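Open the model in your viewer and keep the selection panel at hand. The stops below go from strands to a pocket to charged pairs.

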Amino acid sequence: MSERSARDSPRALVHATTVALMDATKPFGGPIEDAVLLLGESGAGKSDVALRLIAAGAKLVADDQTALFVERGRLMADAPPNLRGGMEIRGLGIMQLERAPGSPVILAVRLRPEGEVARLPEPAVYALPASLQADVKVPLVMLNAYEASTPAKIAAAAAGLVRGAFVAGAFPSNTAPFI
């Protein structure tokens with residue numbers, strides 16, 4: 001799809017932070033250039049998880065607001081033009097960071113309080129905003145933002161999706177690699 005037709009695709013702005021996983025997935029078989037969409041209420045830890053993923057080798061796509069669109073059958077994420085490269089780091093302020101361009105979304109993560117995270121969850125799919133009207137399925141998991149292992153869980157999940165490595169849990173074991 002050309003640059004112009006990608007810009008003309010219907011877009012939906014969602015309250016989410018997105019990072020391209022890149023080198024953060026190396027310990028699990030990466031690097032993977034696809035992105036994770038971090039969802040949650042204000043204060044749920046989206047930027048905190050994104051910052052820890054960036055420290056592990058990911059790159060910021062969008063902080064706090066993410067523009068979603070469908071391109072060639074994949075859900076894509078980008079930053080709204082006025083927010084590109086900016087990230088709010090609680091206690092420090094807003095910083096400009098190196099950013100990744102619009103990226104395909106491999107995984108959506110809804111950040112929840114600890115008691116609301118299942119130990120061995122059933123498979124779930126992110127519900128696209130109605131304005132996108134596409135048959136695109138992105139796996140959805142629920143995690144606690146403030147567990148130390150959350151960024152590693154996200155990186156492992158993305159790498160596992162690419163390799164088709166899951167045998168039970170949030171991702172069907174009979175599926176081929178995701179991409």
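Which residue stands opposite V105 in β8? Select A35: A35 is the one that stands opposite V105.

Before going on, some ground rules. This is a predicted model, where local features need pLDDT of at least 70, side-chain atom pairs count only at pLDDT 80 or more, and totals for chains, interfaces and linings use all residues. Residues are numbered from 1 along each chain as its sequence is written, and side-chain values use heavy atoms, leaving out hydrogens and water.

**Stop 1: strand β2**

Select residues 32-39, strand β2. Strands (E, at least two residues) and helices (H or I, at least four) are DSSP runs, numbered from the N terminus. Seven of the eight residues in β2 are buried, meaning under 20% relative accessible area with a 1.4 Å probe, protein chains only.

Add β1, residues 12-22. β1 and β2 run antiparallel, joined by six bridges. Strands count as paired if DSSP finds at least two bridges between them. Pick T17 and look across to its bridge partner in β2, L38.

Now add β8, residues 103-111. β8 runs parallel to β2, with five bridges between them.

**Stop 2: the largest pocket**

Select S47, D63, D64, E88 and R90. Among the 21 lining residues, these lie nearest the centre of the largest pocket. A pocket is an open set of points on a 1 Å grid over the protein atoms alone, where a 1.4 Å probe fits, with protein on both sides within 12 Å along at least five of seven lines; lining residues have an atom within 4 Å of a point. Elements giving two or more residues to the lining are β1, α2 (46-55), β6 (86-89) and β7 (93-96). The lining divides into seven nonpolar, eight polar and six charged residues.

**Stop 3: salt bridges**

A salt bridge is a side-chain nitrogen of Lys or Arg within 4 Å of a carboxyl oxygen of Asp or Glu. The count is nine.

Stay in α2 and select R52 and D48. Their side chains meet at 2.9 Å, N to O. The two are four residues apart in the helix, so about one helical turn separates them. R52 is partly exposed at 26% relative accessibility; that class runs between the buried limit and exposed, over 50%. D48 is also partly exposed, at 32%.

Move to R84 and D78. The closest N and O atoms of this salt bridge are 3.4 Å apart. R84 is partly exposed at 35%, whereas D78 is buried at 10%. Add R99: salt bridges with shared partners join D78, R84 and R99 into one network.

Technical notes
Ala, Val, Leu, Ile, Met, Phe, Trp, Tyr, Cys and Pro count as nonpolar, Asp, Glu, Lys and Arg as charged, and the others, Gly among them, as polar.
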